[in-house]
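User: I'd like to learn how to read a structure like this one, feature by feature. Could you walk me through it?

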Amino acid sequence: KLAGRFAAAMLGMVVIFAGGITHLAILTGNLGQALALGITPFAGFDILKALVAALIARPRMRTSGAQG
């Protein structure tokens, strides 16, 4: 479903943002500044990118039984 693919894409973005924010927080010594620098300029386009990815991704086929 579209919602599931969008949620998966957003979860990936959260993981990426978490690493970047952690790095910026260490460099700046300020979590608030790290959030402002690391999320504000990118979040809007990343949400749009996740939506486009969810829209164009084909659903995976589920198969049952043995594969061989």
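Analyst: Let's go from the overall fold to helix packing, the salt bridge and the surface. Keep in mind that this is a predicted model.

User: Sounds good. How many helices and strands are there in the protein?

Analyst: Start any reading with the secondary structure. Here you have three helices and zero strands, and the order along the sequence is α-α-α.

User: And how much of the protein counts as buried?

Analyst: For that, look at relative accessible area, where under 20% is called buried. By that cut-off, 12% of the 68 residues are buried. The accessible surface is about 5500 Å², and carbon and sulfur atoms own 69% of that. As for contacts, take the ones between residues at least 6 apart in sequence: 55% of them join residues at least 24 apart.

User: Now the packing. At what angle do the axes of α1 and α3 cross?

Analyst: The general idea first: two packed helices are described by the angle between their axes and the distance between the axes. In this model, helix α1 (residues 2-28) and α3 have axes that come within 8 Å and cross at roughly 145 degrees. On the α1 side the contact is made by L2, R5, F6, A9, M10, M13 and F17, while α3 brings A43, D46, I47, K49, A50, L51, A54 and L55. The crossing of α1 past α3 is right-handed.

User: I spotted D46 and K49 in that list. What does K49 form with D46?

Analyst: That's a salt bridge, with the closest N and O atoms 3.3 Å apart. To read such a pair, check the distance against the 4 Å cut-off, then ask where the partners sit. A search of the whole structure turns up one salt bridge.

User: Why are those two residues placed to pair up, in terms of helical turns?

Analyst: Because K49 and D46 are three residues apart in helix α3 (residues 43-56), about one helical turn separates them.

User: Are the two partners buried or exposed?

Analyst: They sit in unlike settings: K49 is partly exposed at 47% relative accessible area, whereas D46 is buried at 15%. Leaving aside residues up to four places away in sequence, D46 touches M13 and F17, and both of those belong to the α1 side of the helix contact.

User: Okay, on to the outside. Which residues make the nonpolar surface patch?

Analyst: With patches, ask who the members are and which element supplies them. This one covers about 700 Å² and is made by L2, F45, L48, L51, V52, L55 and I56. Helix α3 gives the most, with six residues. Take F45 as an example: F45 lies in helix α3 and counts as exposed, at 65% relative accessibility. Notice too that L2, L51 and L55 turn up among the residues of the α1 and α3 contact.

User: One last residue: what does L24 touch?

Analyst: A handy trick is to skip the sequence neighbours and see who is left. For L24, which lies in helix α1, leaving out residues up to four places away gives G29, A34, L37 and G38. Compare sequence and space for one of these: L24 and A34 are ten residues apart in sequence, yet 5.0 Å apart C-alpha to C-alpha. L24 itself is partly exposed, with a relative accessible area of 24%.

Note on methods. Residues are numbered from 1 along each chain as its sequence is written. This is a predicted model: local features need pLDDT of at least 70, side-chain atom pairs count only at pLDDT 80 or more; totals for chains, interfaces and linings use all residues. Side-chain values use heavy atoms; hydrogens and water are left out. A salt bridge is a side-chain nitrogen of Lys or Arg within 4 Å of a carboxyl oxygen of Asp or Glu. Helices (H or I, at least four residues) and strands (E, at least two) are DSSP runs, numbered from the N terminus. Buried means under 20% relative accessible area, exposed over 50%, partly exposed in between (1.4 Å probe, protein chains only). Contact means heavy atoms within 4.5 Å. Accessible areas come from the Shrake-Rupley method with a 1.4 Å probe; for residues, only the protein chains shown count as cover. Patches are made of residues with over 30% relative accessible area and no salt bridge: like charges are joined within 9 Å, nonpolar side chains (Val, Leu, Ile, Met, Phe, Trp, Tyr) within 5 Å. Axes are lines fitted to C-alpha atoms, for helices over the stretch in contact, and angles run from 0 to 180 degrees between N-to-C directions. A crossing is left-handed if the near helix is turned anticlockwise from the far one by less than a right angle, and right-handed if clockwise.
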